[in-house]
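Reader: I am new to this structure and would like to understand the words used for it. Could we look at it together?

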Amino acid sequence: MRINCPNCGERDRREFYVKGAALARPAADATLEAWHDHVNLRDNPAGELHELWYHEMGCGAWIDVCRNVVSHAVLSTALASAADLGGAR
Amino acid sequence: MRFSGWRVLKEGLTGNKGWAPHWRNPEPKPEYDVVIIGGGGHGLATAYYLAKEHGITNIAVLEKGYLGGGNVGRNTTIVRANYYLPGNSEFYSHSLKLWEGLEQDLNYNAMMSQRGVMMIYHNDGQRDAMVRRGNAIINQGDDAELLDVEGVRKRAPFLNFDNNRFPIMGGLLHRRGGTARHDAVAWGFARGADMRGVDLIQNCEVTGIDIDNGKVRGVQTTRGVIRAKKVALAAAGRSGQVAALAGLRLPIESHVLQAFVSEGLKPVLNHVIAFAENHLYISQSDKGGLVFGSYLDFYSSYAARGNLPMVEHTMESCLAMVPALGKARLLRSWGGIMDMTPDGSPIIDQSGIEGLYLNCGWCYGGFKAIPGSGDAYAHLIATDRPHGAATKFKLDRFRSGHGLMDEEGSGAQHNLH
């Protein structure tokens, strides 16, 4: 599996650390249920999934990777900082 | 049809013409007391114990493929009760006791082999963790012995004791652990359930779960509508998707775990051996192949195959720990899809929808749990109370944070298990 880092280009999967589903973060004062949902519960689709990958052995960017989890095909990548996952501040 | 030495002898002398199919292949009835979704080890064991322990026989097990074609036929066959945390400890202890009587109970040869599980440690910290774990295992009523390096050398002289980075200091031996034949476990439970009247329905995929006023009514399947008073999920790897049919979101990500088998060799490995470094585990099947595996690939996957970086890592670990295997050829590798929970421990619980039950989240350790899981799940379905050995496998623990069972001590987070 190769991942296209927006900064560095296409790189081997081994350069990256995977965090799991890319989810919009709730506000700090959100309810327990909202945080439980964010931290624990997952849609877990058999198809396209947005995930956060960290280019640990490259530029250090967090990347929003859209991947088909049945075929392992990487469909798109973008810097996570542009994906607006930070939640209400 | 009962199996016995006499029967095997008689069939051997008469051309093996008297063997009959081990289970029926019935058409689904319009209604059952209990419908179990998933005909793997856990689903079949649940049906068996529901019939045997609770007298509920109007049951259908619905399997979208064929019996034993999922994770129960796709694992490294290890059986053990060397867990540490309360909750896991008593459950796997219970499961191992059921394993020990399983073949007599099922009248089926599951090739249960208590060859011993030896966990190798490489440094002081790991030794201390093994001592603590060993004491916990003894306290739960099972067996553990701490071995020094000579104790390990006596049992497995071909290991790499002088590895520069990970020298072997000793091991924790769990004599009652071992392996069992994965397919035979599924077949034995299937036959035992069928003999008690359970309908095992293959090629029957569940496409919908009918819920009315917060109560389950039955399921939609590729072979028509089946009504049921109770519906029980046992669809490891696909639990998230099956639960979604009932509108539930679970604390589960599905990940792939790879395993490997070498060509058949003469007996070289007498135990199941697990190395604390690199998390390598290896055993030798009765057919001679070395069966081994390592970490998950750690990303979401529904492909029943892995990725080359983990193949490379596993081979490196294997050769670092057991260099004598350098010339053995790898016969095949495969990947199984696991329900991964944030704490790496399972869920056997009610779902919040009346009559709908959950058995999921077995992570990397579902095989050894099969009899215990079936027994505990059957108890929950029949009585609506948790079995005594599985009281901590609550769905709510992730929301409340109470009773998390993070056996590896890596933190209760999805991407760490």
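Author: Here are some questions about two chains, with the reasoning behind each answer. Please keep in mind that this is a predicted model.

Reader: What makes the radius of gyration of chain B agree with that of a compact globule?

Author: The rule takes 2.2 Å times the number of residues to the power 0.38. For 417 residues that gives a value near 22 Å, and chain B has 21 Å, so the two agree. The C-alpha atoms of chain B fill a box of roughly 65 × 65 × 40 Å along the principal axes.

Reader: How do you know what span to expect for H10(B)?

Author: The expected span is 1.5 Å times one less than the number of residues. H10(B) has 14 residues and should therefore span 20 Å; its end C-alpha atoms are 20 Å apart, which agrees. Just after H10(B) comes B:Asp384, with a positive phi near 60 degrees.

Reader: Why is H10(B) called mostly covered?

Author: A residue counts as buried when its relative accessible area is under 20%. In H10(B), 12 of the 14 residues are buried, so the helix is mostly covered. Among them are B:Tyr377, B:His379 and B:Leu380.

Reader: And what is the span of helix H3 of chain B?

Author: Helix H3, residues 88-100, has 13 residues and reaches 18 Å from its first C-alpha to its last, close to the 18 Å expected. Its buried residues include B:Phe91, B:Tyr92 and B:Trp99.

Reader: What do the buried residues of H3(B) pack against?

Author: To count as a contact, heavy atoms must lie within 4.5 Å. The partners in chain B are strands E3 (78-79) and E6 (170-174), together with helices H4 (102-106), H7 (182-195) and H10 (370-383). H10 has come up already, as the helix that is mostly covered.

Reader: How many helices and strands does each chain have?

Author: Chain B has 11 helices and 18 strands, while chain A has 1 helix and 6 strands. Read from the N terminus, chain A runs β-β-β-α-β-β-β.

Reader: What share of each chain is buried?

Author: With the cut-off of under 20% again, buried residues make up 57% of the 417 residues in chain B. For chain A, 38% of the 89 residues count as buried.

Reader: Which share of the contacts in chain A joins residues 24 or more positions apart?

Author: Among contacts with a separation of 6 or more, the share in chain A is 46%. In chain B, 74% of the contacts between residues at least 6 apart join residues at least 24 apart.

Definitions and conventions: Residues are numbered from 1 along each chain as its sequence is written. Chains are lettered from A and ligands numbered from 1 in the order in which they are written. This is a predicted model: local features need pLDDT of at least 70, side-chain atom pairs count only at pLDDT 80 or more; totals for chains, interfaces and linings use all residues. Side-chain values use heavy atoms; hydrogens and water are left out. Helices (H or I, at least four residues) and strands (E, at least two) are DSSP runs, numbered from the N terminus. Buried means under 20% relative accessible area, exposed over 50%, partly exposed in between (1.4 Å probe, protein chains only).
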